Amino acid sequence: MPGSARCPRGRARTRPGGGPVPEEPSVPAPAGEPDGVRSDAQEAQEAATGSGTTSGAATVRTAPADSVRRPAAAAPPGARPRRPAPAPDRQQWQPQRPEPPAWVTAVRPVTPAPVRVAALWSVLATAVLSSLLLGDGAGLNLLIVAVPAALGACVTARAAGRLPRPWTLAWALGGLALLVVPALRDGALPTFLAVVAALSLGALALQGCRTWPGLVLGPLGLLGALGPGAVWGWQGLRERLGGSRGRLMPVVRTVAIAVVLLVVFGALFASADEAFAGLLGDLTPDVDVTDGPWHFLLFGLGLTGALAAAHTAAAPMRWDRVTVRPGRPRARLEWALPLIVLDLLFAVFVAVQLVVLAGGYDDVLRKTGLTYSAYARQGFWQLLGATLLVLVVIGLARRWAPRDGAGDRTLVRCVLGALCLLTLVVVASALRRMDLYVDAYGLTQLRLSVAAVELWLGLVIVLMLVAGAVGGRWLPRAVVASGAAAVLLFGLFSPDALVAERNVQRYESSGKIDIRYLQELSADAAPALDRLPDDLRSCALRGIQRKLAEDGPEPWYATSRSERRARDLLAERPIEPERYSCATRFASDRFGEFGDPGGYGEQYGEEYGEYGGSGDLRDEP
């Protein structure tokens, strides 16, 4: 049948419309391939060109029935190999971590060197001393615990190649000096301020900061080293133990034998002599089994803190790399006009103060209708706020000050220098107001504290004046050093002792005293109150005696010098039995902080002192 018969071999094929069909190029079989077997390459070519045996419009593959499929032959030499399909990127579906800010990368510390053996022993000593000494209160024990921690930090700093600098030594010695305050004074406020200032100075000694951001953020770096310091110490301990296991057991045996000998012979000597037993009892820390969790917590805190200090000394965070960009410089008129107006206002106030000082306060009180207490009280607190605001204004003015040339620098120095000088007069006026108020109504802890703050602010302004004249790279460290020195002096002079001394002098000159307030003072006030007459002395010291009795006998390392002195005074001259109420015999009911029930002295006149009543001694039946 036409279209179904196969063409004879050797006869040309024709198209349906006529004309020969061109022969298609055949793909030669690979070498070694038997006849009648098609390779994968031949089949692919035929499928692409549509070649093969046709029957009508269909193309039929005419491979023999017994043909066998063979794998494709190897690619000829020089052919480009096929690229494998890329593996799926699973990271693209994971959340990407944001890059840390540039300042975080800049302040990140370097990798510290392995911890030294001497540092590990110092850390262990700090932890043991913390567990044994810190559970009974604050005293000389704080300084005892701080010494081995400082030695461990010094060892790691020298191992890291850090040489001691003058400011580093100043911070370290200042921190240790501040820890003397709890050993001398019993007051809560000076002890708290001294401990906080000592920790801050210790952190600055470890960090070695110089700039404002470094001095502010430096103490925070010690907190950030708690975790890395513990990991660093554990890794160093494992390395040391792995290489010295044979040398560790002799040390352990030696320490154990020494402890056993001390316990045995110490117990024998204590049982043989009462004096030695008392001395041994005073020197040995009181350890109770029921306080085990508390001592274990103190051990962990001492261990972690000492490791954090050593880690910071080996690899401190570089807080000085945090920079604060200056603000956009303003034009001269835009910057200077508000400050010049402020200078003029300060100058007018200073002139008024000089006129009042020359004419006396009586004329001012008569014209204003204020009482003595109201005038002094209002003046001090407002002037203290003005001093603080001036510091803020100077900082902002320096940020946006013009910086085009020498003329701008001269303008800035003149305007800000005049403001600082006028502010010093304001500080002096505030201190004078407080002195008048104290003369009238006595000295208290609050008044002494705020007066000390005002005095320190005046010192800061003087430092700013000097920095504006000679350059201020040293100003941040000088301000911090002056603050630490102020805290040290505040603790050494003891606010409670000064308050008691001033009130005793006021009683000796005017016969006015507030017994109820004096009963709230700490043991620092005992020497001054001991000079009062017997009846007043008994009432004034009764509050201190009650506190000492509630605290009970404390070990030598947790007892301040003031507390021991107060106990000795009460033992030498016991107070009289309470046959009457001190509140009724010496009436001094408190009517508020400023001399009346609502806190305003002018409501009842000057005859009502700070704590109510006339302040005179009144004997009642």
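A salt bridge is a side-chain nitrogen of Lys or Arg within 4 Å of a carboxyl oxygen of Asp or Glu. By that criterion, this predicted model holds eight salt bridges. The tour visits several of them, then a charged residue without a partner, and then a pair of helices.

**First stop: helices H13 and H16**

Select Arg-332 and Asp-408, which form a salt bridge whose closest N and O atoms are 2.4 Å apart. Arg-332 belongs to helix H13 and Asp-408 to helix H16 (residues 406-441), so the pair ties together parts 76 residues apart in sequence. Is each partner buried or exposed? Arg-332 is partly exposed, with a relative accessible area of 48%, whereas Asp-408, at 1% relative accessibility, counts as buried.

**Second stop: helices H16 and H19**

Remain on helix H16 and select Asp-439, together with Arg-502 in helix H19 (residues 495-510); the pair therefore links parts 63 residues apart in sequence. Their side chains meet in a salt bridge, at 2.7 Å from N to O. Asp-439 counts as partly exposed at 46% relative accessibility, and Arg-502 also counts as partly exposed, at 29%.

**Third stop: a network**

Next, select Asp-534 and Arg-573, whose side chains form a salt bridge of 2.9 Å, N to O. Asp-534 is in helix H22 (residues 534-551), while Arg-573 is in the loop between helix H23 (561-572) and helix H24 (582-585), so parts 39 residues apart in sequence are tied together. Asp-534 is partly exposed at 42% relative accessibility, and Arg-573 is partly exposed at 34%. Add Asp-530 and Arg-537 to the selection: salt bridges that share partners join Asp-530, Asp-534, Arg-537 and Arg-573 into one network.

**Fourth stop: Asp-343**

Return to helix H13 (residues 332-359) and select Asp-343. Which side chain of opposite charge is nearest to Asp-343? That side chain is Arg-398, 13 Å away; Asp-343 is buried and has no salt bridge. Beyond its neighbours within four places in sequence, Asp-343 is in contact with Val-415, Ala-418, Leu-419 and Leu-422.

**Last stop: helices H7 and H8**

Finally, select helix H7 (residues 188-207) and helix H8 (residues 212-224), which pack at an angle of about 95 degrees with their axes 8 Å apart. The two helices are therefore roughly perpendicular to each other. To display the contact, choose Ser-200, Ala-203, Leu-204, Leu-206 and Gln-207 in H7, which meet Gly-214, Leu-215, Gly-218, Pro-219, Gly-221 and Leu-222 in H8. By class, this contact of H7 with H8 comprises six nonpolar, five polar and no charged residues.

Terms used: Residues numbered from 1 in each chain as written. Predicted model: local features only at pLDDT ≥ 70, side-chain atom pairs only at ≥ 80, totals over all residues. Heavy atoms only, no water. Axes fitted to C-alpha atoms, helices over the stretch in contact; angles between N-to-C directions. Helix = DSSP H or I, 4+ residues; strand = E, 2+ residues; numbered from the N terminus. Parallel < 35°, antiparallel > 145°, perpendicular 65-115°, else oblique. Contact = heavy atoms within 4.5 Å. Nonpolar A, V, L, I, M, F, W, Y, C, P; charged D, E, K, R; others polar. Buried < 20%, exposed > 50% of the residue type's maximum accessible area, 1.4 Å probe, protein only. Lys, Arg positive; Asp, Glu negative; His and termini not counted.
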